[in-house]
Amino acid sequence: MSQRSTNLVEPHIPAPRRGEVTAWRVLVVENNAAEAEALVRALQRHGHEVDSVTSGGAALQSYADADLVLIDLELPDLDGLEVCRGIRSTCDVPVIAVTARGSELDRVLGLQAGADDYLVKPYGFRELMARMEAVMRRARTPEPAERVVSHGPLRIDAGSREVTLHGRPVDVTRKEFDLLYMLASNPDTVIPRKRLIHQIWGDSWSRRTVDTHVSSLRNKLGGSGWIVTVRGVGFRFGREGG
């Protein structure tokens with residue numbers, strides 16, 4: 001496929017044999033007809049069941065049946081970030097943003113909106129498949145044995161993925177929940193940035209990714225006492241916010 005007609009660069013990759021790959025139901029949200037067609041064809045060739053829509057409104061009506069969502073952020077009716085937020089507000093289906101928006105700020109905004117990964121056009125199909133596999137692998141990771149972590153008025157339930165403070169719900173994104181749960185589950189440990197990035201984001205995003213999520217959590221929890229910065233190392237959980 002010529003890179004001049006589509007942002008997907010698909011080298012000749014032999015289609016996998018039956019049983020060699022797990023088939024997923026993938027929702028492609030792409031306004032460009034040529035790019036959508038190329039991506040759908042490539043995914044189907046590798047055994048996946050694919051649906052394709054061209055607008056944010058259609059995506060919000062279709063994602064419930066998908067195992068994975070691939071979304072372009074440039075959509076005709078809604079900004080893709082709003083679609084990501086809409087999906088993330090109701091479920092944890094993995095979402096990968098596939099877009100021409102390539103600045104660091106764009107990446108941070110995409111991740112904050114609920115995307116699990118972010119791939120900039122033009123891209124190679126091998127890289128996309130690797131990222132899809134990594135995201136799905138993390139999504140299949142079983143919940144930890146200790147499903148509820150409580151520290152004073154703060155309660156974090158891994159089963160329902162809900163956070164409450166003084167009995168009131170705290171609205172957090174998927175990644176904010178994972179970050180808070182990881183810190184709260186290890187209250188006496190300073191967790192390095194690199195470990196947080198590897199276990200929660202699964203890729204080498206900039207340090208601003210972690211800082212932005214920490215800042216957002218502090219605002220939602222009413223102060224900086226719950227998450228303590230250890231300069232030059234990482235972060236630790238602050239018991240009862242102080």
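In the predicted model, Arg-155 of strand S9 faces Thr-164 of strand S10. The two strands, S9 spanning residues 154–157 and S10 spanning residues 162–165, are paired in the antiparallel sense through 4 bridges. They belong to an open sheet of 4 strands, arranged in the order S8-S9-S10-S11 with antiparallel pairing. Strand S8 (148–151) and strand S11 (168–170) are the edge strands of this sheet, and each of them pairs on one side only. On average, and with direction ignored, neighbouring strands of the sheet are turned by 25° against each other. Helix H6 packs on this sheet, where it touches S8, S9 and S10. The direction of H6 makes about 110° with that of S9.

Helix H6, which comprises residues 174–184, also lies across S12, S13 and S14. With respect to S14, the helix runs at about 70°. These 3 strands form an open sheet in the order S12-S14-S13, and the pairing is again antiparallel. Strand S12 (191–192) and strand S13 (227–230) each have a single partner strand, so one side of each lacks a neighbour in the sheet. Between S13 and strand S14 (residues 234–237), which run antiparallel, there are 4 bridges. Within this pairing, Ile-227 is placed opposite Phe-237 in S14.

A further site is marked by annotation. An unreviewed UniProt entry places the feature "modified residue: 4-aspartylphosphate" at Asp-72. In the model, Asp-72 is located in the loop between strand S4 (68–71) and helix H3 (80–88). The relative accessible area of Asp-72 is 6%; residues under 20% count as buried, so Asp-72 is classed as buried. When neighbours within four places in sequence are left aside, the contacts of Asp-72 are with Val-29, Glu-30, Gly-80, Val-98, Thr-99 and Lys-121. One of these residues, Gly-80, falls within the range of helix H3 (80–88).

Over the whole protein, 8 helices and 14 strands are assigned. The chain contains 242 residues, of which 46% are buried. Of the contacts between residues at least 6 apart in sequence, 59% connect residues at least 24 apart. The accessible surface of the protein amounts to about 12,100 Å², and carbon and sulfur atoms account for 47% of it.

Conventions:
Residues numbered from 1 in each chain as written. Predicted model: local features only at pLDDT ≥ 70, side-chain atom pairs only at ≥ 80, totals over all residues. Heavy atoms only, no water. Pairing = 2+ DSSP bridges. Contact = heavy atoms within 4.5 Å. Axes fitted to C-alpha atoms, helices over the stretch in contact; angles between N-to-C directions. Buried < 20%, exposed > 50% of the residue type's maximum accessible area, 1.4 Å probe, protein only. Areas by Shrake-Rupley, 256 points an atom, 1.4 Å probe, with all protein chains shown as cover. UniProt positions renumbered as here; feature names shortened; annotations may be inferred.
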